[in-house]
Amino acid sequence: MHPLAEKYLRRRALPQFFCPGCGDGTIVSALMRAIDDLGIIDRVAFTSGIGCSAWIPVFVNADIIHSMHGRAIPVATALKLTDPSRKVVVFAGDGDCVGIGGNHFIHAARRNVDLTVVMVNNAIYGMTGGQTAPTTPHRGMTKTTPLGNAEFPFDACELAKAAGATYVARWTTAHPRQITTALKEAIGHKGFAFIEVLSQCPTQSGRLIYGSGDPVEAFKRVKEMAVPLAKAKGMAAAELAGKVVVGKLHQVEGRPELCDEVYALMKEQGEGLSAEAKLVS
Amino acid sequence: MMGPASQGSALRTRSVIRIQDHDLREVFAVVTITVDKEMCKGCNLCIVSCPKAVLAVSQERGKAGFLVPEATNPKACTKCKNCEVICPDFAIVVEEG
């Protein structure tokens, strides 16, 4: 067995239940490398909602909360507020993060809670059988849009940036080392950090949207779709059609963080607080 | 160089690469590529991510019933570990020695 798997994963849960060639497994591997490099397995907590990607932290032998669909971010916010020394990492799919939990996502970004949110974007609702997601490409064929998708997809990174996230990066599963670096940066960053990972889903989006269930083809498609940020700056808008810009897209330091603000307020006006709250502050 | 050999559930390939460094001193670098047959699901992402075409599909089936990869050209391995980091199932280990 792989030494990282032996050290950090739940042996009874292996092999992972993901389909052959699913990008989620690569993200588990990248996450384990990041956690191993930082050495924070005892101080990290994961929360996730519902979906294939919500199972990413389940294989890790650490503290996790598997919550309701779309509600991973509120649970993580509560966890962070009660124990600010914890590093909280949220795993959500595209439907979980910008579909059902879209409102929670923008408000967590606005509050600038010190969370790391990893959104795994496979452009479809994979686990429930291939329905249209808010990230399905225009004219993409899914189970619920047999004539093609009439809607236009969300750009989750732009959404996070506009809502007030202080760290935004986007990578694909063809960049596992960059995902590890981004995770390390995001966990170290003070404030709301958002990482979008474009992932291949051979079983649902591969078969339905792109017409092939082959993992290798799906992987190559994701790889070819990615354009590095430095290269994209010199490209025209027409050239970038159908492509995705990858890299560290946005980072600001020094914006007040929610936990700091809450605890500062509690310290300032602590007279009316209970003994427990005084103890925490 | 030793050929691929089955050891329990893993497909192990060991090869000795000779590298000449700038002192023209001979350095022996040994690489062992292990494919875990219980974990591998035969998605072949390791094969496409290898820049030196070290891996290929073998005729052996893993626990999940898919054909697992094996290192057919281990002498070309540069230990970049692309296969190891891309593998979704923690099934490949590239080790020195």
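Q: When do two strands count as paired?
A: Two strands pair if DSSP finds bridges between them, and a lone bridge won't do. The cut-off is at least two bridges.

Q: With that in hand, in which sense does β1(A) pair with β2(A), parallel or antiparallel?
A: This is a predicted model, and in it strand β2 covers residues 63-66 of chain A. There are 4 bridges linking β1(A) to β2(A). One of the residues involved is Ala45(A), whose bridge partner in β2(A) is Asp63(A). The sense of the pairing is parallel.

Q: Which residue of β3(A) stands opposite Val44(A)?
A: β1(A) also pairs with β3(A), the strand at residues 87-93, again in the parallel sense. That pairing runs over 5 bridges. Across from Val44(A) in β3(A) you'll find Lys87(A).

Q: Why is strand β1 of chain A said to be largely enclosed by the rest of the structure?
A: Take the strand, residues 44-48, and look at burial. β1(A) is called largely enclosed because its buried residues number 4 of the 5.

Q: Which residues of helix α6(A) are exposed?
A: Start with the buried ones in this helix, residues 156-163: Ala156(A), Cys157(A), Leu159(A) and Ala160(A). Looking down the axis, those fall within an arc of 160°, so they line one face of α6(A). On the other side, the exposed residues are Glu158(A) and Ala162(A).

Q: Which strands are among the elements covering the buried residues of α6(A)?
A: The cover includes two helices, α4 (94-100) and α5 (102-111) of chain A. Strands of chain A contribute too, and those included are β4 (116-121), β5 (167-172), β6 (193-198) and β8 (244-251).

Q: Which residue just after α6(A) takes a positive phi?
A: Follow the chain just past the end of α6(A) and check the backbone: phi there is about 120°. The residue is Gly164(A).

Q: What is the radius of gyration of chain A?
A: Chain A has 12 helices and 8 strands. For its 281 residues the globule rule gives 19 Å, and the chain comes out close to that, so it is as compact as a globular protein of that length. The radius of gyration is 19 Å.

Q: How many nonpolar residues are on the side of chain B that touches chain A?
A: The contact takes 22 residues from chain A and 17 from chain B. On the chain B side, α1 (45-49) and α2 (82-86) are the elements that give two or more residues. Sorted by class, that side has 4 charged and 2 polar residues, and the nonpolar count is 11.

Methods:
Residues numbered from 1 in each chain as written. Chains lettered and ligands numbered in written order. Predicted model: local features only at pLDDT ≥ 70, side-chain atom pairs only at ≥ 80, totals over all residues. Buried ≥ 20, exposed ≤ 12 C-beta atoms within 10 Å, placed from the backbone. Contact = placed C-beta atoms within 7 Å. Nonpolar A, V, L, I, M, F, W, Y, C, P; charged D, E, K, R; others polar. Rg over C-alpha atoms; globule rule 2.2 N^0.38 Å. Arc of directions from axis to C-beta.
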